[in-house]
Amino acid sequence: MRILISFIVPAYNVEPYLKECLDSIVRLNMRGQGWEIIVVNDGSTDGTAALLADYSKSHAEVRVITQENLGLSAARNVGMRHARGKYVCFVDADDHLYAAQPPLDVLEGKDIDIVGVNLLQMDGRGKRKPYRRYVPEYGRLYEPARTFMQGRNLMPCVVGYLFRKEFLERMGLSFTEGIYHEDEDFTVRTFVRADSFMALNIDWYERILHSESITTTTDVEKRQKRLRDLVEVLRTLEGVAQSDIDLRSCMQYKLDYLAVDMLRLLLRQRHTRAFRSEIVGAMRVLGYFPLHWHGEWKHILFNLYTRVILCNV
């Protein structure tokens, strides 16, 4: 049977969450379509390996790949290389897929390079809400996909999309390894190269917020690496935008708001003056400090605020 979706689940020390994650995928109603779950055990030192060995015995669709600890991006790349499905769906091992009907008609009947789905978000108190920072125009086919980025702050989370594997392979697209914010980098590069994109109004993925997440960490070194990696992502994507005037037009809004996110993090967290100077200096070189002007009043106020607060660092 042809495999329609390969679910790729990187797993590093996720024993408390992993079974519930896998169960949520198994519960999907695939209506007889072929599917597989590829779990990449990324050098776990807890009971993840034992859990996977037991789970795969009773679930033939689960394939386990074990490697030394190389990080999230490397695990996803390994999963992509082993995937046999028409589409790949990335699932974080501490999240769930929602018990909804997969978008089988679209995935089977058309060769759309990127298909968007809705995210839900659950906080530590069990409160669930839609993750609707970037609401797309559902059901519209964007050709090429980059036209969807025009004037939009593209939602970066790769778990909110299904990617056609043949497209990824043909374009040589993979995750940059060793960095945080790999989603910001990967998602923009896929939209730049994809021939087509369509967003579907289907609740598909449930993000679970954890206190130990890199987005909530209080570790100073991790916070600094996070910001330095954002600078490198911006530098990479700016290089892509410089290659073509049409790409520049489609990417500029996203790049401007990536710069906004960097300054928000820099100001919200406690960093030394020297580190602030490092990040702002790098942004100046790239042409993103001071921020570019946009018409939204919140952006105007933040732009003015950062020009005053950070002008002398």
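How many of the 12 residues of α6 are buried? In this predicted model, the count is 11 of the 12, so helix α6 is largely enclosed by the rest of the structure. A residue counts as buried when its relative accessible area is under 20%. The buried residues of α6 are E182, D183, E184, D185, F186, T187, V188, R189, T190, F191 and V192. The length of this helix can also be checked. Helix α6 covers residues 182–193, and at 1.5 Å a residue its 12 residues should span 16 Å. The C-alpha atoms at its ends are 17 Å apart, which agrees with that expectation.

A strand offers a second case of enclosure. Strand β1 comprises residues 3–11, and nine of its nine residues are buried, so β1 is likewise described as largely enclosed by the rest of the structure. Its pairing may now be followed on the model. With strand β2 (residues 34–42), β1 pairs in the parallel sense over eight bridges. Within this pairing, S6 has E36 of β2 as its bridge partner. Strand β1 also runs parallel to strand β4 (residues 87–90), to which four bridges join it. Here S6 stands opposite V88 in β4. Residue S6 therefore serves as a useful point of reference, with E36 as its partner in β2 and V88 opposite it in β4.

The pairing continues from β2 to strand β3, which covers residues 62–67; these two strands are parallel and share six bridges. One residue of β2, V39, has V64 in β3 as its bridge partner.

Helices connect these strands in the following units. Strand β1, helix α1 (residues 15–26) and strand β2 make a right-handed β-α-β unit. Strand β2, helix α2 (residues 48–58) and strand β3 also make a right-handed β-α-β unit. Strand β2 thus belongs to both units.

The next residue to find is A145, in the loop between β7 (128–130) and β8 (161–164). Is this residue buried or exposed? Its relative accessibility is 0%, and A145 therefore counts as buried. Residues A145 and I112 are 33 residues apart in sequence, while their C-alpha atoms are 9.5 Å apart in space.

Finally, the reader may turn to the surface. There, W293, W297, L301 and L304 form a nonpolar patch, and together these residues have about 490 Å² of accessible area. One of them, L301, lies in helix α10, which covers residues 297–309.

Conventions:
Residues numbered from 1 in each chain as written. Predicted model: local features only at pLDDT ≥ 70, side-chain atom pairs only at ≥ 80, totals over all residues. Heavy atoms only, no water. Patch = residues over 30% accessible without salt bridge, like charges linked within 9 Å, V, L, I, M, F, W, Y side chains within 5 Å. Areas by Shrake-Rupley, 256 points an atom, 1.4 Å probe, with all protein chains shown as cover. Salt bridge = Lys/Arg side-chain N within 4 Å of Asp/Glu carboxyl O. Expected span 1.5 Å × (residues − 1). Buried < 20%, exposed > 50% of the residue type's maximum accessible area, 1.4 Å probe, protein only. Pairing = 2+ DSSP bridges. Right-handed = clockwise from strand over helix to strand, strands pointing away.
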